[in-house]
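Me: I should like to learn how to read the interfaces and helices of a multi-chain model. Please take me through one example.

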Amino acid sequence: MKTPSSRRRNTDDRAFRLGTGFFALLVVLLVAGIFIELYRTSHLSLAKFGFRFWTGRTWDPVSGEFGALPFIWGTLYSSMLAMLISTPIALGIAIFLSELSPRRFRAPLAFLTELLAAVPSIVYGLWGVFVLVPIVRKLQVVTPDWLKKVPLFSGPPLGVGMLSAALILAVMVIPFTSSVAREVLKAVPATQREAAYALGATRWEAIQAALRFGRTGIIGAVILGFGRAVGETMAVTMVIGNNPQISASLYAPQYSMSAVIANEFTEAADNLYLSALIEIGLVLFVITVIVNAISRLLIWSVTREVKAKAPKPATTMALAAPTGGGE
Amino acid sequence: MNRTRRRKALSGFVVFLCAGSVVLALIPLFFIFGYVISKGFSSLNWDFFTKMPKPVGETGGGMANAMVGTAYLIAIAGGFAVPVGVIAGVYLSEYGKKSFGSLVRFTADVLNGVPSIVIGIFAYGLAVLPVKHFSALAGGLALGFMMVPIITRTTEELLNLVPGSLREGALALGATRARAAFSVMVPAALPGIMTGILVALARIAGETAPLLFTAFNNRYLTTSLLQPISSLPVQIYTYAISPYDDWHRQAWAGALVLVGFVFTFSVLARVVTRRLERMHRT
Amino acid sequence: MKLARIFLTVAFSTLIALPAISQTTQINGAGATFPYPIYSKWFSEYGKIHPEVEVNYQSIGSGGGIRQLTAQTVFFGASDGPMNDEQLKGAPGPILHFPTVLGAVVPVYNIPGVDAKLKFNGKVLADVILGKITKWNDAALVALNPGVKLPATDIAVAHRSDGSGTTYIFVDYLSKVSPEFKEKVGVNTSVNWPVGVGGKGNEGVAGLVKQTPGAIGYVELIYALQNKIAFGSVQNADGEFITASLDSVTAAATSASKSMPADFRVSITNAPGKSAYPISSFTWMLFYENPTDKQRAKIMVDFTKWALTDGQKYCAELGYAPLPKEVVALEMEALKKIKL
């Protein structure tokens, strides 16, 4: 029976639903808005260069010729190197903290590794410029001459360059990959490991069983870390050398997509130049969206099944949920 | 027998490797903290906290304007991100089981992963170009956009943890859903929601890239919404790439202050989380 | 929790109330890093005489100054490379150039074991920047510097990664003395560098050179002096090897001031004269001829008049050469063009 008061309640509830729904819609509109705005303001460059933008190697503001390949190379190369270095370490930490560590060490160690994520990017950059780069420079100087002939290690000992960038990125990405991997491993039901032990497995073999169960989620964690590396700006800008060249050498100064935007945005003196930079931003946006989408789906597929079982305080998830794509 | 011993040895080796990776990861952490503390501490003095930057060539001066600027920017960012994030989180926990809810959740995660420099470009187009000046407002907006997804997700997750019986009890007593949500559920989840806000604040306090072309920078102390404003990360960056030793020292000091601030918030957040964990375990 | 809420409310309301307190006029400018030391000194000294004026100048590079002035996100710009016709056309209103000081761009280097002052000429510098000369003991460098033991170290070129008037002055000179450079690289605030590492601002390049053994770069004289980085002498159009100094820079400006164009956009690199330093340049402040904000325009005109007269006395200690008197007189006249 619809009483006057219940009719009022229905309208109130509808207002509540619409009202809060509006704010939720804002989130969606925000992301859509970013894409639209980036697309709109980069149209000059999109129209002029089209697909050539991605294959062109020349970045020449004087002649108005803009090709973004060196930046894509720099971003991808540095991020891949960073993943190469960081993934084994991050997984090792995740396994240790979720499976192996004595209970009383777990919380403090987890806290310490999360602290790595709390260090602001600019502080990493500062440390990179004044501490890491001189170390890498010394490393370059002592590299024996025969090794220097290998393209991977060629170039003058500048200190700044791909190696420094990759190392800093690796350190910055480790906490993200490891905390997500840890959540994935925590979501693996205990029965998987218990079954392994019941069959006489060693610790490593039981861990392997857990890893196998959660492998999609772990891949998701790695991809998420990759996305974080791709989006990093400040620390990379300060140590990568700012030279738009494509080089396989770890020692060569190179450039990344986010670094060129940070350096040149405020001075792109003509509209085509600015539009080209924004187009790079657009690509960066699209890459991170795709990377995030894939990794979330993968992680979700593992953790979703098990969510019903144990309501772990979501704040750990939120804290662990990588605030990825930093700067 | 041999095979078992081999398996056990391999297992032990792997355990060793895993422990080793923890140690390896902690080395740069201590390295960085050690450096920031040792280099920054000696440059922290009363001047640093109260004076403005001096012209090039004169020693002394401080980062008072940058610290006030950061506080101001965080306030602006939180000012709109907290309401938006919390209310969006309420929606997700009340009505979020359908596909629209999944869409919102997905876009929130995507927004979380967008590089902050791209958000800076967006805020530039939105809030700087149309009014033709850099402003604290534009910088605060950029930072706020980054806070929204963290607060939204945390609020939703925490509201889901509050026993449904609380909501049902409120509804049974005749409350509207709005009343039930805002007067009963949210207060119950408040500690966790505050944690989410703290985490988001700690994250954006250290952001530099989105401020480079929104809030720009300012040699002076301003509190106007419509003027460029200094901030700790941008000031550190400007000083770090300079060739002046005095500025380098101040950059380290600024880094120490920034790290201290972020560290405090992280510790606070973690303490609250652990208390929550304990509450829910019982 | 209640306490926290009260605290937050109080803090927030204080922050909102603060804007009402300040009474000063803030003027935002951006641009060249080249004159940043003297500008920051000027704004500070002018601020002592006029405490209600706060000029917030950010040295983001000449390219940035031109860009932000054109976009009108700052009130005035500053550049060491004059705006070209295309840039002027792209601005929403006519922009005037006002030279403020004279400066020199010097080749700085960091060669372990070499303390002597090296001699360079235009062609050699161009070849180093083009990447054709890669080692410090290259024959061309040795020929210029007999008696100096140059090691076989690799040359690491440091250049600007941001749009820079210092770059403009440097490549303007190199293009005048090396046709190959002019063709391959050209003249602009931001160019496509054949080799090298990029640093942000004069500060960034100075930092890079200071920290990298075997490096060579180009910075404004004051940055080399303040940071005690070695810099070399350069051969001028008359064949003399001149070290940058107040006198040699002023000598380069003398011939130009006699034939100063009305809009003050002139290049004095590779100037004639026995004692002229070849990589000298004016640096300009850029104002709109018809500004909408008359109050700020009045303040900046007053400031510029002060800078061109009283302000010039601070030049020497910071390594800039003061403007020739004829040029100052011309500028005082030109300032009247700004519609207040």
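Reply: Let us begin with a term. Buried area is the accessible area, taken with a 1.4 Å probe, that two parts lose on being put together, summed over both. The size of an interface is often given in this way, as the accessible area lost when the parts come together. Please note that the model shown is predicted.

Me: How much area do chain A and chain B bury between them, and what share of it is on carbon and sulfur atoms?

Reply: Chain A and chain B bury about 8,100 Å² between them, with 80% of that area on carbon and sulfur atoms. Three residues, Phe16(A), Arg17(A) and Trp127(A), supply 8% of the area that chain A buries against chain B, more than any other three residues. In terms of contacts, 87 residues of chain A meet 97 residues of chain B.

Me: How many salt bridges does the rule find across the interface of chain A and chain B?

Reply: A salt bridge requires a side-chain nitrogen of Lys or Arg within 4 Å of a carboxyl oxygen of Asp or Glu. By that rule there are two salt bridges across the interface of chain A and chain B. One of them joins Arg296(A) to Asp109(B), with 3.9 Å between the closest N and O atoms. Polar contacts are counted separately: between chain A and chain B there are five residue pairs of this kind, both residues being at pLDDT 80 or more.

Me: Which element gives the most to the side of chain A that touches chain B?

Reply: Helix α1 of chain A, residues 4-41, gives the most to that side, with 19 residues. By class, the side of chain A that touches chain B is made up of 53 nonpolar, 23 polar and 11 charged residues.

Me: How many aromatic pairs are there over all chains?

Reply: The count over all chains comes to 55 aromatic pairs. In one of them, Phe16(A) and Phe182(B) lie 5.9 Å apart, centre to centre, with 90° between the planes, and the pair is edge-to-face. This pair crosses between chains, from helix α1 of chain A, which holds Phe16(A), to helix α8 of chain B (residues 177-205), which holds Phe182(B).

Me: Is Phe16(A) buried or exposed?

Reply: The cut-off for buried is under 20% relative accessible area. Phe16(A) counts as buried because its relative accessibility is 6%. Its partner, Phe182(B), has a relative accessible area of 35% and is therefore partly exposed.

Me: What elements make up chain B?

Reply: Chain B has 11 helices and zero strands. Its C-alpha atoms fill a box of roughly 70 × 70 × 35 Å along the principal axes. Of the 282 residues in chain B, 62% are buried. Sequence separation adds to the picture: among the contacts in chain B with a separation of 6 or more, 74% come from residues 24 or more positions apart.

Me: What area is buried between chain C and chain A, and what share do carbon and sulfur atoms give?

Reply: About 2,000 Å² is buried between chain C and chain A, and carbon and sulfur atoms give 47% of it. Here 27 residues of chain C are in contact with 26 residues of chain A. The rule finds zero salt bridges across this interface, while three residue pairs are in polar contact, both residues being at pLDDT 80 or more. The elements that give two or more residues to the side of chain C touching chain A are α3 (62-70), β6 (156-160), β7 (197-199) and α9 (201-211) of chain C. Of the elements, α3(C) gives the most, with four residues. By class, this side of chain C has nine nonpolar, 14 polar and four charged residues.

Me: Why is α3(C) described as largely enclosed by the rest of the structure?

Reply: The description follows because nine of the nine residues of α3(C) are buried. Among them are Ser62(C), Ile66(C), Arg67(C) and Leu69(C). Just after α3(C), Gln72(C) takes a positive phi of about 60°.

Me: How many residues of helix α5 of chain C are buried?

Reply: Helix α5 of chain C, residues 122-130, is mostly covered, with eight of its nine residues buried. The buried residues include Val124(C), Leu125(C), Asp127(C) and Ile129(C). At the start of α5(C), a side-chain oxygen of Asn121(C) comes to within 3.2 Å of the backbone nitrogen of Lys123(C). After α5(C) comes Gly131(C), with a positive phi near 90°.

Note on methods. Residues are numbered from 1 along each chain as its sequence is written. Chains are lettered from A and ligands numbered from 1 in the order in which they are written. Side-chain values use heavy atoms; hydrogens and water are left out. Contact means heavy atoms within 4.5 Å. A polar contact is a pair of N or O atoms within 3.5 Å; within protein, one must be able to donate a hydrogen and the other to accept it, and residues adjacent in sequence count only if both atoms are side-chain atoms. Ala, Val, Leu, Ile, Met, Phe, Trp, Tyr, Cys and Pro count as nonpolar, Asp, Glu, Lys and Arg as charged, and the others, Gly among them, as polar. Rings of Phe, Tyr and Trp (its six-membered ring) pair if their centres lie within 6.5 Å; planes under 30 degrees apart count as stacked, over 60 as edge-to-face and the rest as tilted. Buried means under 20% relative accessible area, exposed over 50%, partly exposed in between (1.4 Å probe, protein chains only).
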